[in-house]
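Subject: Handing over the structure

Hi,

Here is the structure I promised to pass on to you. Have a look at it below, and then read on for what turned up in it.

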Amino acid sequence: MDNALIIRDLEPIFADILDQSDLRLAPESSASNVEGWDSLAHINLIVAIEKRYRIKFALGELQDLKNLGEMVILIQRKTRS
Amino acid sequence: MTALELQETRPDLRYVRQLPAEQLLQKRKRLRRELSEGNHQELRIAVLGGVTTSEVVDLLEILLLASGFKASFFQSEYNKYYEDAVLEPEKIKDFRPDLVYVHTHCINLRRFPLAGCSGTEFYELLSSEFARFQSIWNSIQAATGCQVIQNNFEHPPFQVLGNLDAVTYGGRTRFTNELNLEFAKAANQNPKLLLQDLNALAARSGYAQWFDWRRWYSYKILTTPEASLAIAGSLAGMIGSMFGRAKKCLILDLDNTLWGGVIGDDGLDKIEIGKETPVAEAYTAFQSYCLLLRERGVLLAVCSKNDPEIARSGFTHPEMVLKLDHFSSFQANWKPKHENIEAIAKELNLGLESFVFVDDNPAERAIVAAQLPAVAVPDMGSDISLFPEIVQAGRYFEAVNLSKEDLERAQSYASNAQRAGLEAKFADYGEYLNSLQMHAEIEAFRPVYLERITQLINKTNQFNLTGRRYTYAEVEQLANDGSYIALYGKLADAFGDNGLVSVIIGRSEGRLLHLDLWIMSCRVLKRDMELAMLDVLAERARDAGVERIIGYYGRTAKNAMVSDHYRKLGFESCAEDGGSSVWSLATPSYSRKSEHIEVRTVVHG
């Protein structure tokens, strides 16, 4: 899956968790510019993403990510290995 | 709009229950919105946590909404449970809670004993930790007067002493176990304190699926989402029970639910129940589970598509654990099941929300689920061995306390005598045999057992005097032939029922009775069962005019263990030829040999 596809794939998950049915995501999307992406929503997002791609983020892997694009690159890397 | 119509337009408890934790969390906001429509009982719940409680609370909120409660929550700041309860109870008081949940984990225990600590130090630590929690409960109750739910503790994550961790005063596992026991005693004495068995939840989930250290370091959530759901599910069950939502009656199908097979087609003799096959044993176990529920106050009812007479006749089968009088209502007919369930509700004067319906047939379950949404209809799957677990997992019959009425139905069994027997030491083997409280049923072949008899004949190799095999048809034929004395023996003891374990086939010829077959299952070796069998055989033979019983031993590859069988029983040797031998016993002078088994006779029905 390329990065754009992963972002499309993530949209319904984010839409569910943030309860915004028409949510659109982009590589620049982040907690600071997506409404409702607070720390509690973030916990649920991580749970859902780990289940969706059958991966586990190691402790510390997520803390330096600046936006969704960087998270998608991390998902890519973890699903490939 | 009636409650019934409402249920169909929004996700219900059944839908919510089958969602895994991550799906519940993902769809939480929509579920919350949709489930909030309609009438709910309002609840105010204060949650004081030693960990971040938001995930458990989010899940609990959804489960409660699906069960008819709209809860508002007060949550303490992370790990401020003690401060909020003891130092600033006004905050909780101002919230006016209906109940307070103190949610702490093993990591919240202040001090564990050090390896090598003495008993005195251990119990000092234990009582100071216990006192800390007691002050929490007392303070909350003084401030609010409401019910407190406290959970006990899962075992600590690391058993640094290995197995010894549960043994010595320096072991954290032992400390947790003893503290849990103190909590249980406190809750047992105080009706305003309820204990949630978190340790059982953790054990059931498995500790590897319980703790999530990444989430602990990142957000101070200690558990996996699945574990959080287990905690929330158990809490929702307790809360439902506190507010009268526990189920009261288990409605059971018969064919392929309480026994294997279809009694109307297969007949009473062929249904699977008892101890004789793995499948029969599983049905018996499910009946025993249902009986346990009944003994703690859950009503049982039957709802079966069957001829009423045939359905009832099932309970005359000698292996049935459940008897007709265990059922408070018995609906067997050809009407649709949802109509029968409504009839049961009327008969017992209970609302439909009081029922759990268990049926192996998915089509029947689907109809009942659609027609009667208030009835709980667990998905039973198709494996009878899982039925008790599936019913248990539904937490339908959660009880916060057991009323006298609940327990009055229970009969107390002579389990104390049994335990005393286990502790005793035995002067000799006979005393040991006596302690087993054995009783046998030794009778002429009966139709219900022909299948088991055939099976036992054809699989018994060691305790088998002649090695002869019989087909089912042959067994059936000789059972009805007056010239045969054919006996089966069942043996039960203090530890349970061993089932049908021995068979003798004697063929009479004038004043002689030839023993064509004598077999016994090795699970009852050295119990003197062969003596009890011989006692009955000799008596029946004498009554039939037989003067001598002729025993045959024919050596096979596997039956050396019984080469001396007839000599030990007092038979005289008549002939010996290589591996084979013939023996004889006079019946007129025979006196009973069995001393340790009580032989019961059966009234033929």
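**An aromatic pair in chain A**

Let me start with two residues of chain A: A:F14 and A:W37 are both buried. Please keep in mind that this is a predicted model.

How are the rings of A:F14 and A:W37 arranged? They form an edge-to-face pair, with 5.1 Å from centre to centre and 75 degrees between the planes. The pair links distant parts of the chain, as A:F14 sits in helix α1 (residues 3-18) of chain A, while A:W37 lies in the loop between α1 and α2 (39-53), 23 residues apart. If you feel like looking for others, a search of the whole structure finds 30 aromatic pairs over all chains.

**The rest of chain A**

Chain A contains 3 helices and 0 strands, and its elements run α-α-α from the N terminus on. The radius of gyration of chain A is 12 Å, close to the 12 Å that the globule rule gives for 81 residues, so chain A is as compact as a globular protein of that length. If you draw a box along the principal axes, the C-alpha atoms of chain A fill roughly 30 × 25 × 20 Å.

Of the 81 residues in chain A, 46% count as buried. The accessible surface of this chain is about 4,600 Å², and 50% of that belongs to carbon and sulfur atoms. Among contacts in chain A between residues at least 6 apart in sequence, 47% join residues at least 24 apart. As for charge, chain A has 10 positive and 13 negative charges, and the mean positions of the two sets are 9 Å apart.

**A residue that touches both chains**

A:F57 is worth a visit in your viewer. You will find A:F57 in the loop between α2 and α3 (68-80) of chain A. Is A:F57 buried or exposed? Its relative accessible area is 3%, so A:F57 counts as buried.

Which residues does A:F57 touch, leaving aside those up to four places away in sequence? Within chain A they are A:I46, A:I49, A:E50, A:L62, A:L74, A:I75 and A:K78, and from chain B there is B:R214. One of these neighbours, A:L74, is 17 residues from A:F57 in sequence, and their C-alpha atoms are 9.0 Å apart in space.

**Over to chain B**

Chain B has 25 helices and 17 strands. Its C-alpha atoms fill a box of roughly 95 × 65 × 40 Å along the principal axes. Buried residues account for 51% of the 605 residues in chain B. Chain B exposes about 27,500 Å², with 50% supplied by carbon and sulfur atoms.

Among contacts in chain B between residues at least 6 apart in sequence, 72% join residues at least 24 apart. There are 66 positive and 79 negative side chains in chain B, and the centres of these two sets lie 4 Å apart.

**An aromatic cluster in chain B**

Ring pairs connect six residues of chain B into a cluster: B:Y81, B:F130, B:F133, B:W137, B:F153 and B:F183. Two of its members are a good place to begin. B:W137 is buried, with a relative accessible area of 3%, and B:F183 is buried too, at 0% relative accessibility.

Why is the pair of B:W137 and B:F183 called edge-to-face? The ring centres are 5.0 Å apart and the planes stand at 80 degrees, so the pair is edge-to-face; planes over 60 degrees apart count as such. This pair, too, links distant parts of its chain: B:W137 is in helix α8 (residues 119-144) of chain B and B:F183 in helix α9 (residues 172-189), 46 residues apart.

**Two backbone oddities**

Most residues other than glycine have a negative phi. Which way does phi go at B:N349, positive or negative? B:N349 has a positive phi of about 60 degrees, although it is not a glycine. B:N349 belongs to the loop between α16 (337-348) and β9 (355-358) of chain B, and with a relative accessible area of 70%, it is exposed.

B:D528 also has a positive phi, near 70 degrees, and is a residue other than glycine. Look for B:D528 in the loop between β13 (512-520) and α24 (529-543) of chain B.

Enjoy exploring, and write back with any questions.

Best wishes

Notes. Residues are numbered from 1 along each chain as its sequence is written. Chains are lettered from A and ligands numbered from 1 in the order in which they are written. Side-chain values use heavy atoms; hydrogens and water are left out. Helices (H or I, at least four residues) and strands (E, at least two) are DSSP runs, numbered from the N terminus. The radius of gyration is taken over C-alpha atoms; the globule rule is 2.2 Å times the number of residues to the power 0.38. Buried means under 20% relative accessible area, exposed over 50%, partly exposed in between (1.4 Å probe, protein chains only). Contact means heavy atoms within 4.5 Å. Accessible areas come from the Shrake-Rupley method with a 1.4 Å probe; for residues, only the protein chains shown count as cover. Lys and Arg count as positive and Asp and Glu as negative; His and the chain ends are not counted. The place of a charge is taken as NZ of Lys, CZ of Arg, CG of Asp or CD of Glu. Rings of Phe, Tyr and Trp (its six-membered ring) pair if their centres lie within 6.5 Å; planes under 30 degrees apart count as stacked, over 60 as edge-to-face and the rest as tilted.
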